[in-house]
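This report describes the fold, the charged contacts and the packing of one protein chain. The sequence and the structure are shown first, and the discussion follows.

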Amino acid sequence: MAVAMIRTPSLEPWKPLQKKPLPAGRPREWYVTHNRRLKAMRLAIALLDAGVYLPSRATNAKIRTTATQLGIHPPSDTTCRMVRALIRYGR
């Protein structure tokens with residue numbers, strides 16, 4: 001007989017992972033793209049947590065408002081497209 005377990009949330013506050021330096025010697029464009037992808041992932045996760053599951057609901061204004069709430073600089077149009085792509089392909 002299977003027993004269902006209900007997990008209770010941890011009482012300890014969430015701690016982010018310790019950041020490691022990026023590898024040296026890459027072209028500047030690599031760092032720009034890398035940081036843009038990280039920002040897009042953070043925003044996509046925040047939007048999914050907020051209940052925005054469809055790319056059509058993730059307008060540029062909605063994404064930029066979410067970025068402001070998270071304390072992230074407002075994303076460019078390119079980053080907004082990446083956020084919508086992440087939401088689309090995550091389904």
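## Salt bridge

A search of the whole structure, which is a predicted model, finds 1 salt bridge. The partners are D77 and R64, whose closest N and O atoms are 2.7 Å apart. Because D77 belongs to helix α3 and R64 to helix α2, the pair ties together parts that are 13 residues apart in sequence.

Neither partner counts as buried: D77 is partly exposed, with a relative accessible area of 42%, and R64 is likewise partly exposed, at 27% relative accessibility.

## A buried arginine without a salt bridge

R84 is a residue of helix α3. R84 is buried but takes part in no salt bridge. For R84, the nearest side chain of opposite charge is that of D77, at a distance of 6.8 Å. A salt bridge requires a side-chain nitrogen of Lys or Arg within 4 Å of a carboxyl oxygen of Asp or Glu, and D77 meets this requirement with R64, at 2.7 Å.

What does the side chain of R84 reach at 3.0 Å? The partner is the backbone oxygen of A58. Apart from residues up to four places away in sequence, R84 touches P55, A58, T59, N60 and I63. Two of these names, A58 and I63, recur in the list of the largest nonpolar core.

## Overall architecture

The chain contains 3 helices and 0 strands, and its elements run α-α-α from the N terminus on. Of its 91 residues, 21% count as buried. The chain exposes about 7900 Å², of which carbon and sulfur atoms supply 59%.

Contacts between distant parts of the sequence are well represented in the count. Among contacts in the chain with a separation of 6 or more, 59% are between residues 24 or more positions apart.

## The nonpolar core

Which residues make up the largest nonpolar core? The core has 12 residues in all: A40, L43, A44, L47, V52, A58, I63, A67, I72, C80, V83 and I87. At least two residues of this core come from each of α1 (28-49), α2 (60-70) and α3 (77-89). The largest share, 4 residues, is supplied by α1.

I87, a member of this core, touches A44, L47, L48, V52, Y53, L54, P55 and A58 when residues up to four places away in sequence are not counted. A58 therefore appears in the contact list of I87 as well as in that of R84, and the definition of contact in both cases is heavy atoms within 4.5 Å. The C-alpha atom of I87 is also 8.5 Å from that of I45, although the two residues are 42 residues apart in sequence. I45 is located in helix α1 and is exposed, with a relative accessible area of 51%.

## Packing between α1 and α3

T79 is found in helix α3 and is buried, with a relative accessibility of 3%. Setting aside residues up to four places away in sequence, T79 touches R36, K39 and A40. One of these partners, A40, is part of the largest nonpolar core.

T78 also lies in helix α3, but T78 counts as partly exposed, at 33% relative accessibility. The C-alpha atoms of T78 and R36 are separated by 8.8 Å, while the residues are 42 residues apart along the chain.

## The surroundings of K39

Is K39 buried or exposed? This lysine of helix α1 is buried, with a relative accessible area of 18%. The cut-off for a buried residue is under 20% relative accessible area.

Leaving aside neighbours within four places in sequence, K39 is in contact with I72, H73, P74, P75 and T79. I72 lies 33 residues from K39 along the chain, and their C-alpha atoms are separated by 8.2 Å. I72 is also one of the residues of the largest nonpolar core.

Conventions:
Residues are numbered from 1 along each chain as its sequence is written. This is a predicted model: local features need pLDDT of at least 70, side-chain atom pairs count only at pLDDT 80 or more; totals for chains, interfaces and linings use all residues. Side-chain values use heavy atoms; hydrogens and water are left out. A nonpolar core is a set of buried Ala, Val, Leu, Ile, Met, Phe, Trp, Tyr and Cys residues joined through side-chain atoms within 4.5 Å. Buried means under 20% relative accessible area, exposed over 50%, partly exposed in between (1.4 Å probe, protein chains only). Lys and Arg count as positive and Asp and Glu as negative; His and the chain ends are not counted. A polar contact is a pair of N or O atoms within 3.5 Å; within protein, one must be able to donate a hydrogen and the other to accept it, and residues adjacent in sequence count only if both atoms are side-chain atoms. Accessible areas come from the Shrake-Rupley method with a 1.4 Å probe; for residues, only the protein chains shown count as cover.
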